[in-house]
Amino acid sequence: MNLDALWESRRLFELGFLFTLRLTVITVVTSTVLGLLVALVRISRVPVLSQLMRVYLEVFRGSPLLIQILFVYFGAAFLSTSGGLSVLTAVTIALTLYQGAYISEVFRAGFESVPPGQREAARALGMSRFAIMVDVITPQTFTVVLAPLFGQYISLVKSTALASVIGYADLVRQAQGIIDRIGSPFLVYSVVALLYFVISFPMSLGARYFETRTSRRGPVTA
Amino acid sequence: MIIDVKQVRKSFAGTEVLRGVDLAVDKGEAVVVIGASGSGKSTLLRTINNLESIDGGKIWVDGVPVHEPHSAHLVHRHVGMVFQQFNLFPHLTALKNVTLALRRVKKLRTPEAEELGMAALQRVGLGEKAKSYPSQLSGGQQQRIAIGRAIAMEPAVMLFDEATSALDPELVGEVTRVMRQLAEEGMTMLVVTHEMGFARETADRVVFVDGGVVVEDAPPEQIFTHPQHARTQRFLQRTLAG
């Protein structure tokens with residue numbers, strides 16, 4: 001068994017883990033912000049902009065993430081005179097656009113789950129559109145949004161693995177390097193899978209926590 | 001005159017729901033609007049509060065021209081509205097439901113808002129439910145909280161859009177009692193309802209709407225005992241025969 005060699009490689013696993021974690025944390029934030037903005041534009045039915053968001057959604061949900069990563073990275077290099085984007089920037093942009101498309105649908109479903117009477121009652125009280133969104137609509141979407149949102153984060157963690165194709169030094173990339181040196185792909189990929197699980201399991205717990213909390217409270221009645 | 005509706009027209013997808021409605025409500029009056037489902041009475045109420053825009057005519061509410069697009073939103077500061085489905089905010093306690101607009105619209109500080117909010121809850125007889133969430137209250141209690149939420153804003157006029165239609169029969173009484181009490185205190189009210197008992201006992205005037213126009217506008221004694229129009233007679237016969 002190659003356990004000693006595996007242990008010797010712990011520093012590389014650690015590096016890969018930190019790179020994967022870093023990419024996950026960054027894109028969880030950026031894709032959530034993007035998804036929220038896109039959902040807000042779509043539900044407020046801003047002319048032209050709403051339709052553009054719809055096109056964005058269809059394009060990025062309808063094509064493979066791998067192609068999007070290659071497209072952003074090599075596309076930027078092709079267009080730019082200064083060498084294009086860094087690997088991290090390119091992969092962050094691609095992942096944000098891809099995951100943001102899915103996350104915007106999660107938020108949109110949340111906003112649309114709030115009965116129209118809620119907005120009407122708030123308008124009748126003289127509240128501004130902004131105050132209605134912040135104080136009335138958004139708090140009521142939490143129970144609907146949080147479980148699927150964390151579910152989407154699990155998918156996001158796994159999709160970061162594609163970053164290795166353009167040379168991002170994440171877990172997959174490091175694993176390939178380790179296997180080149182010590183062999184034992186089964187063992188190495190087992191460790192990699194375990195380390196992905198360490199990141200995604202808390203999100204899975206989050207999703208389950210919010211699911212049971214929602215069902216315990218029951219459907220919100222107006 | 002608090003409400004002055006002149007020749008108001010409104011269509012939905014080519015169907016004209018309001019075909020030139022005229023209606024006036026004076027300060028301190030309680031006016032009840034009756035009519036069959038689909039007669040346009042709820043739409044009329046919603047146009048007065050700018051929840052529906054109008055296609056023609058004029059609406060003045062407490063000096064606000066609701067027919068002018070740029071000033072229409074100002075009407076919300078003058079009008080309180082109670083809905084058939086209560087529309088309480090389910091994530092907020094009864095007291096927070098009442099104080100939200102006091103804080104966000106009237107910009108009161110929390111202690112002042114809560115003082116006014118508690119006073120409003122006590123007026124509808126639910127001071128002890130301040131900390132309850134809507135889901136913990138009966139339909140009748142929820143609707144009384146919704147009335148408290150509207151009157152806390154001290155509107156010049158209150159609109160009731162079938163406020164008791166979604167309630168179990170045994171819960172109707174507690175809501176109409178609160179409405180009657182408001183009318184007796186001199187609140188200007190425009191009430192769309194199917195509760196003929198309430199119309200008869202509380203209204204200063206009853207307005208019968210049919211086919212998108214006001215057919216008859218008279219004191220309740222006259223409407224219920226000597227209706228002038230054949231359409232009013234037919235409607236009352238059907239309704240009171242139950």
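Here a biologist and a modeller talk through some labels used for this predicted model.

Biologist: Let's start with a single residue. Why is Leu18(A) called partly exposed?

Modeller: Its relative accessible area is 43%. Buried means under 20% and exposed means over 50%, so Leu18(A), at 43%, is partly exposed. You'll find Leu18(A) in helix α2 of chain A, residues 10-43.

Biologist: What makes Leu18(A) eligible for a nonpolar surface patch?

Modeller: Patch residues need over 30% relative accessible area, and Leu18(A) has 43%. Leu is also on the list of nonpolar side chains that are joined within 5 Å. Its partners in the patch are Leu21(A), Val25(A), Val29(A), Val33(A) and Leu37(A), and the patch covers about 500 Å².

Biologist: Is there a general reason for spacing like that in a helix? What does helix geometry say?

Modeller: An α-helix has 3.6 residues a turn, so residues three or four places apart point the same way.

Biologist: Over to chain B. Why is His226(B) called exposed?

Modeller: The value for His226(B) is 54%, and exposed means over 50%, so the label applies to His226(B). This histidine sits in the loop between α7 (220-225) and α8 (230-241) of chain B.

Biologist: What makes helix α1 of chain B mostly covered?

Modeller: Seven of its eight residues, in the range 41-48, are buried. Among them are Leu44(B), Leu45(B) and Ile48(B), along with Lys41(B) and Arg46(B). Buried means under 20% relative accessible area, so each of these falls below that cut-off. Just after the helix, Asn50(B) has a positive phi of about 60°.

Biologist: Now the empty spaces. Why does the lining of the largest cavity count as having two charged residues?

Modeller: Asp, Glu, Lys and Arg count as charged, and the lining includes Arg77(B) and Lys106(B). His76(B) and Gly80(B) are also in the lining, and both count as polar because they fall among the other residue types. The remaining six are nonpolar. This cavity has a volume of about 70 Å³.

Biologist: How many cavities of 30 Å³ or more are there?

Modeller: The count is one.

Biologist: And what is the volume of the largest pocket?

Modeller: About 850 Å³. Of its 27 lining residues, the closest to the centre are Arg119(A), Arg123(A), Arg129(A), Ile132(A) and Met133(A). Helix α7(A) supplies the largest share of the lining, five residues. By type, the lining divides into twelve nonpolar, six polar and nine charged residues.

Definitions and conventions:
Residues numbered from 1 in each chain as written. Chains lettered and ligands numbered in written order. Predicted model: local features only at pLDDT ≥ 70, side-chain atom pairs only at ≥ 80, totals over all residues. Heavy atoms only, no water. Patch = residues over 30% accessible without salt bridge, like charges linked within 9 Å, V, L, I, M, F, W, Y side chains within 5 Å. Areas by Shrake-Rupley, 256 points an atom, 1.4 Å probe, with all protein chains shown as cover. Salt bridge = Lys/Arg side-chain N within 4 Å of Asp/Glu carboxyl O. Helix = DSSP H or I, 4+ residues; strand = E, 2+ residues; numbered from the N terminus. Buried < 20%, exposed > 50% of the residue type's maximum accessible area, 1.4 Å probe, protein only. 1 Å grid on protein atoms, 1.4 Å probe; cavity = no way out; pocket = protein on both sides within 12 Å on 5 of 7 lines; lining within 4 Å. Points joined across faces, edges and corners; volume = space filled by probe spheres on them.
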